[in-house]
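Subject: Structure handover

Hello,

The structure we talked about is below, for you to look through. My notes on what was found in it follow.

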Amino acid sequence: MDWSGYDFLEADLYVDGDKSLVLNIEIRDKETKGYWTRVNRQILLLPGQNKLRLPTALFVGEKSRPGRPLILNAITRLVLN
């Protein structure tokens with residue numbers, strides 16, 4: 001996938017019930033070889049309607065330990081879990 005023409009990844013998400021839910025986001029590019037070479041993010045979703053708005057200018061690794069920039073024109077996998 002080529003995300004180079006986009007500034008954000010957006011999605012409308014709905015959490016059924018009355019408990020919050022942690023959404024794990026994993027984004028891989030052509031250079032991904034493991035955990036520290038992919039984007040790893042967690043977002044708290046509240047009960048009901050939620051809007052995910054994630055900038056595409058991301059770094060692989062974790063927010064507290066960023067690595068190289070994500071290769072936007074060579075995205076190989078997106079996982080929402």
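Please keep in mind that this is a predicted model. I start at the surface: Met1, Leu78 and Leu80 together make a nonpolar patch of about 270 Å². Leucine 80 belongs to strand S7, which covers residues 75–80. Its relative accessibility is 41%, so leucine 80 counts as partly exposed, since the partly exposed class lies between 20% and 50%.

Next, the charged pairs. Searching the whole structure gives six salt bridges. One of them is between arginine 53 and glutamate 10, with the closest N and O atoms 2.6 Å apart. This contact links distant parts of the chain, as arginine 53 sits in strand S4 (residues 48–55) and glutamate 10 in strand S1 (residues 8–15), 43 residues apart. Glutamate 10 is partly exposed, at 43% relative accessibility.

Strands S4 and S1 also hold the two members of another pair, lysine 51 and aspartate 12 respectively, which are 39 residues apart and again link distant parts of the chain. The side chains of lysine 51 and aspartate 12 form a salt bridge at 3.0 Å, N to O. Lysine 51 has 55% relative accessibility and therefore counts as exposed. Aspartate 12, at 54%, counts as exposed too. The cut-off for that class is over 50%.

A further salt bridge joins aspartate 29 to arginine 68, where the closest N and O atoms are 2.8 Å apart. Here too the pair links distant parts of the chain: aspartate 29 is in strand S2 (residues 21–29) and arginine 68 in strand S6, 39 residues apart. The two partners fall into separate accessibility classes. Aspartate 29 has a relative accessible area of 2% and so is buried, whereas arginine 68, at 26%, counts as partly exposed. The buried class ends at 20%.

There is also a network of salt bridges, which links Glu26, Arg28 and Arg38.

Strand S6, the one that carries arginine 68, has a pairing worth listing. Strand S6 (residues 65–69) and strand S5 (residues 59–62) pair in the antiparallel sense, over three bridges. The connection from S5 to S6 is a hairpin through two residues. Within this pairing, phenylalanine 59 has proline 69 in S6 as its bridge partner.

That is what I have for now. Please write back with any questions.

Regards

Technical notes: Residues are numbered from 1 along each chain as its sequence is written. This is a predicted model: local features need pLDDT of at least 70, side-chain atom pairs count only at pLDDT 80 or more; totals for chains, interfaces and linings use all residues. Side-chain values use heavy atoms; hydrogens and water are left out. Two strands pair if DSSP finds at least two bridges between them. Helices (H or I, at least four residues) and strands (E, at least two) are DSSP runs, numbered from the N terminus. Patches are made of residues with over 30% relative accessible area and no salt bridge: like charges are joined within 9 Å, nonpolar side chains (Val, Leu, Ile, Met, Phe, Trp, Tyr) within 5 Å. Accessible areas come from the Shrake-Rupley method with a 1.4 Å probe; for residues, only the protein chains shown count as cover. A salt bridge is a side-chain nitrogen of Lys or Arg within 4 Å of a carboxyl oxygen of Asp or Glu. Buried means under 20% relative accessible area, exposed over 50%, partly exposed in between (1.4 Å probe, protein chains only).
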